[in-house]
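Here are a few exercises to try with the sequence and the 3D view open. Have a go at each task yourself, then walk through the solution.

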Amino acid sequence: MRFKDKTVIVTGAAGGIGGAISARFAAEGAEVVATDMNGDGAEATVAQIHANGGRARALTSDISTAEGCWAIIENIIATEGRIDVLCNNAGINRRGNLLSLTPDDWRLSFAVNLDAMFHLCQAVLPHMIAAGGGVIVNTSSQWGLHPAPDHIAYNVTKAAVASFTQNLARDYAPDNIRVNAVCPGEIHTSMLEAGVKRSGRTIADLDKLVPFGRIGKPEEVAALVAFLASDEAAFMCGSLVEITGAQAVA
């Protein structure tokens, strides 16, 4: 119960990793606000949390816009009165090399993967500072540190998330605000399955690329996020933590 009586925001909560993060925080006593543009998906995540005895509510918002981001923070402050942990987990993957991408692919990748963090953090930081501290955990990627081929928009935005995390941590550590990022490798989600199907490969093919013998599980990423958000990681600030099963570059 490391998060008893704490309010936690999880963006991208309808997805595999976001759903697992939401469930983990709820299982440890948090009041979870599960946000996603996919309202039905966020409600499904919340329903599962309630079925397991946890506390959560869904909040539908489009974080590709500044207004959508600020609306999330304003809603939670008005309702819960506090924000202890912000998990910037939402992300999209527009696959392809530079010549295969459209300007909209590029623009939307930055809007969701990076600009949303800017707006959400700018909105939440004054509340955390006033409260005497808080925690922000961002989802970067292994590919933000070691770029894979034909994913330039995703790789570049996730590299920017890594830099954003370290800059934010350096600036706001004096305010007792810890900022870290997880950098997952291949994780078994529905988004991954869809990509694998398009490529003609299988999950078993991906498993063979990982020295550990298999790709990761959303629950394993969620466990790392919860650790970074907890008091057990009290001196971790500005860290980029890879969770890859020792895989280098896919």
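**Exercise 1.** Work out whether Asp 150 is buried, partly exposed or exposed.

*Solution.* Step 1: get the cut-offs straight, with buried meaning under 20% relative accessible area, exposed over 50%, and partly exposed in between (1.4 Å probe, protein chains only). Step 2: Asp 150 has a relative accessible area of 48%, so it's partly exposed. Step 3: find Asp 150 in the loop between α5 (142-145) and α6 (152-172); helices (H or I, at least four residues) and strands (E, at least two) are DSSP runs, numbered from the N terminus. Step 4: check the backbone, where phi of Asp 150 is near 65 degrees, a positive value in a residue other than glycine.

Before you go on: this is a predicted model, where local features need pLDDT of at least 70 and side-chain atom pairs count only at pLDDT 80 or more, while totals for chains, interfaces and linings use all residues. Residues are numbered from 1 along each chain as its sequence is written, and side-chain values use heavy atoms, leaving out hydrogens and water.

**Exercise 2.** Do the same for Ala 246.

*Solution.* Step 1: look in the segment after β7 (240-243), where Ala 246 lies. Step 2: with a relative accessible area of 60%, Ala 246 is exposed. Step 3: its phi is positive too, about 75 degrees, although Ala 246 is not a glycine.

**Exercise 3.** Describe how helix α3 packs on helix α4.

*Solution.* Step 1: α3 (residues 66-79) and α4 (residues 103-131) have axes 8 Å apart, at an angle of about 30 degrees. Axes are lines fitted to C-alpha atoms, for helices over the stretch in contact, and angles run from 0 to 180 degrees between N-to-C directions. Step 2: α3 and α4 are therefore roughly parallel (angles under 35 degrees count as roughly parallel, over 145 as roughly antiparallel, 65 to 115 as roughly perpendicular and the rest as oblique). Step 3: residues making the contact (heavy atoms within 4.5 Å) include Trp 70 and Ile 73 of α3 and Leu 120 and His 127 of α4.

**Exercise 4.** Which helix gives the most to the largest nonpolar core?

*Solution.* Step 1: a nonpolar core is a set of buried Ala, Val, Leu, Ile, Met, Phe, Trp, Tyr and Cys residues joined through side-chain atoms within 4.5 Å. Step 2: the largest one has 31 residues, and Phe 25 is among those with the most contacts inside it. Step 3: α9 gives the most to this core, with 7 residues.
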